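Thanks for coming. I have one structure to go through today, so let me put it on the screen.

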Amino acid sequence: MRAMPNARSHPDPLVRPFASAHADGRAHHFAIVPAAGSGSRMGTERPKQYLPLLGRPLIHHTLAVLCGSPHIDKVFVVLSIDDREWSRHDWSALGEKLVPLFCGGATRADSVLGGLRAIGAEVAQSDWILVHDAARPCLAAWHIDKLVRELAHEKVGGLLAVPVADTLKRADDYHRVAATVPRDSLWQAQTPQMFRYIMLRRALENASQVTDEASAMEAAGLSPRLVQGDTTNLKVTYPLDLHLAEWILQNREGLKS
Ligand SMILES: Nc1ccn([C@@H]2O[C@H](COP(=O)(O)OP(=O)(O)OP(=O)(O)O)[C@@H](O)[C@H]2O)c(=O)n1
Ligand SMILES: C[C@](O)(CO)[C@H](O)COP(=O)(O)O
């Protein structure tokens with residue numbers, strides 16, 4: 001008869017019966033960086049995370065800030081199974097924290113969930129996971145500091161976000177204004193989004209068609225906390241964003257809010 005696996009040491013945290021912890025008794029912080037997208041809105045043949053930005057692949061800037069953060073123990077970057085670019089670049093300057101995982105999926109949520117599954121054996125259930133888009137290369141150390149500090153005593157976790165600053169219009173099918181939408185209480189979600197490993201994994205396993213981690217947590221009935229960031233942490237989506245990102249990185253010191 002085949003021996004039953006010991007549930008307490010089972011590699012899949014969803015099977016373990018109670019929250020495990022590290023030997024030092026504290027929750028650790030890990031980053032997951034979804035980088036398996038094709039960048040269709042950018043319109044370039046090369047996926048946007050590898051486009052040159054100040055002499056390095058765009059994603060190098062993103063990973064450098066995460067790897068350089070004293071808060072973060074390891075940085076897992078989730079790449080497409082078919083990725084042809086990663087091995088063409090030198091990542092050695094980023095040090096030992098960086099771990100590539102070739103397990104990206106069809107959507108951003110699939111890529112994040114693939115990453116969470118892949119690291120299941122080395123994280124504790126209550127560890128914090130910071131999910132950050134590869135396509136946000138202007139993340140700054142102070143963004144991470146603020147997020148980690150403000151969420152340290154939260155049960156659920158939360159995300160960086162900025163209050164909507166413009167008047168909002170809902171369009172009809174002909175690009176005419178159908179309505180003005182009250183912007184009170186509206187925020188634009190950014191990343192990192194920081195949640196406990198087991199809660200985030202369960203939420204994503206059960207969610208359908210979510211565009212960020214917070215949405216999956218909301219679908220699970222939880223209320224992530226909004227931590228105010230700033231617009232320098234932009235997502236490079238369209239060609240103009242690449243120029244804005246370059247300017248922000250070159251002028252970073254003068255932009256600290
Ligand atoms: N299947 C996917 C799709 C997206 N991403 C990642 O999720 C982040 C945010 O997604 P987005 O800006 O939409 O990137 P793309 O999907 O590459 O862009 P587009 O939607 O324009 O195709 C990016 O770092 C992207 O690489 C991913 O890991 N796996
Ligand atoms: C996660 C995100 O960056 C928060 O703004 C965003 O939802 C990603 O969306 P995309 O449509 O995959 O670019």
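Before the first contact, one definition: a polar contact here is a pair of N or O atoms within 3.5 Å. Also keep in mind that what you see is a predicted model.

I'll start with ligand 1. Which backbones make polar contacts with ligand 1? A polar backbone atom of A35 lies 3.2 Å from an oxygen atom of the ligand. For A36, a backbone N or O atom is 2.9 Å from an oxygen atom of ligand 1. At T107, a backbone N or O atom is 3.4 Å from a nitrogen atom of ligand 1. As for cover, ligand 1 on its own has 560 Å² of accessible area, and the protein covers 88% of that.

Now the shell. There are 18 residues around ligand 1, and those that come nearest are G39, S40, R41, K48 and S111. By class, the shell divides into six nonpolar, seven polar and five charged residues. Where does it come from in the fold? Strand β1, residues 29-35, supplies at least two residues of that shell, and so does α2, residues 108-118. Ligand 1 sits in the largest pocket.

On to ligand 2. Ligand 2 also sits in the largest pocket. The residues surrounding ligand 2 are R41, R108, D133, R136, A189, T191, T211, D212 and K235. You will recognise R41, which was among the nearest residues to ligand 1.

How does the shell of ligand 2 divide by class? There is one nonpolar residue, two are polar and six are charged. For the contacts, a polar side-chain atom of R41 is 3.0 Å from an oxygen atom of ligand 2. In the side chain of D133, an N or O atom lies 2.6 Å from an oxygen atom of ligand 2. The backbone of A189 contributes too, with an N or O atom 2.6 Å from an oxygen atom of the ligand. The protein covers 74% of the 360 Å² of accessible area that ligand 2 has on its own.

T191, from that list around ligand 2, brings me to the backbone. Is the peptide bond from T191 to P192 cis or trans? It is cis, with omega near 5°. P192 itself lies in strand β10, residues 187-196. For context, most peptide bonds are trans, and most residues other than glycine have a negative phi.

That second point matters for two loop residues. L54 has a positive phi, near 50°, and is not a glycine. L54 lies in the loop between β2, residues 52-53, and β3, residues 56-57. Q209 has a positive phi as well, near 55°, and is likewise a residue other than glycine. Its loop runs between α4, residues 197-206, and α5, residues 213-219.

Are these two buried or exposed? L54 counts as partly exposed because its relative accessible area is 38%, and the partly exposed range runs between 20% and 50%. Q209 counts as exposed because its relative accessible area is 83%, and the cut-off is over 50%.

Next, helix α1, residues 58-67. How many of its ten residues are buried? Nine of them are, so the helix is described as mostly covered. The buried ones are L58, I59, H60, H61, T62, L63, V65, L66 and C67.

After α1 comes a loop leading to β4, residues 74-79, and I72 is in that loop. I72 is buried, because its relative accessible area is 2%. I72 and H28 are 44 residues apart in sequence, while their C-alpha atoms are 7.5 Å apart in space.

There is another such pair back at helix α2, where A109 is placed. A109 is buried, with a relative accessible area of 14%. Its partner is T211, 102 residues away in sequence and 6.7 Å away in space, C-alpha to C-alpha. T211 is one of the residues around ligand 2.

Last, a residue in the segment after α6, residues 239-250, namely G254. Is G254 buried or exposed? G254 is exposed, because its relative accessible area is 73%. G254 and V236 are 18 residues apart in sequence and 21 Å apart in space, C-alpha to C-alpha.

That is what I have for today.

Methods. Residues are numbered from 1 along each chain as its sequence is written. Chains are lettered from A and ligands numbered from 1 in the order in which they are written. This is a predicted model: local features need pLDDT of at least 70, side-chain atom pairs count only at pLDDT 80 or more; totals for chains, interfaces and linings use all residues. Side-chain values use heavy atoms; hydrogens and water are left out. Helices (H or I, at least four residues) and strands (E, at least two) are DSSP runs, numbered from the N terminus. Buried means under 20% relative accessible area, exposed over 50%, partly exposed in between (1.4 Å probe, protein chains only). A residue is near a molecule or strand if one of its heavy atoms lies within 4 Å of it. A polar contact is a pair of N or O atoms within 3.5 Å; within protein, one must be able to donate a hydrogen and the other to accept it, and residues adjacent in sequence count only if both atoms are side-chain atoms. Accessible areas come from the Shrake-Rupley method with a 1.4 Å probe; for residues, only the protein chains shown count as cover. On a 1 Å grid over the protein atoms alone, a cavity is a set of points where a 1.4 Å probe fits but cannot get out, and a pocket is an open set with protein on both sides within 12 Å along at least five of seven lines; lining residues have an atom within 4 Å of a point. A molecule sits in a cavity or pocket if more than half of its atoms lie within 2 Å of its grid points. Ala, Val, Leu, Ile, Met, Phe, Trp, Tyr, Cys and Pro count as nonpolar, Asp, Glu, Lys and Arg as charged, and the others, Gly among them, as polar.
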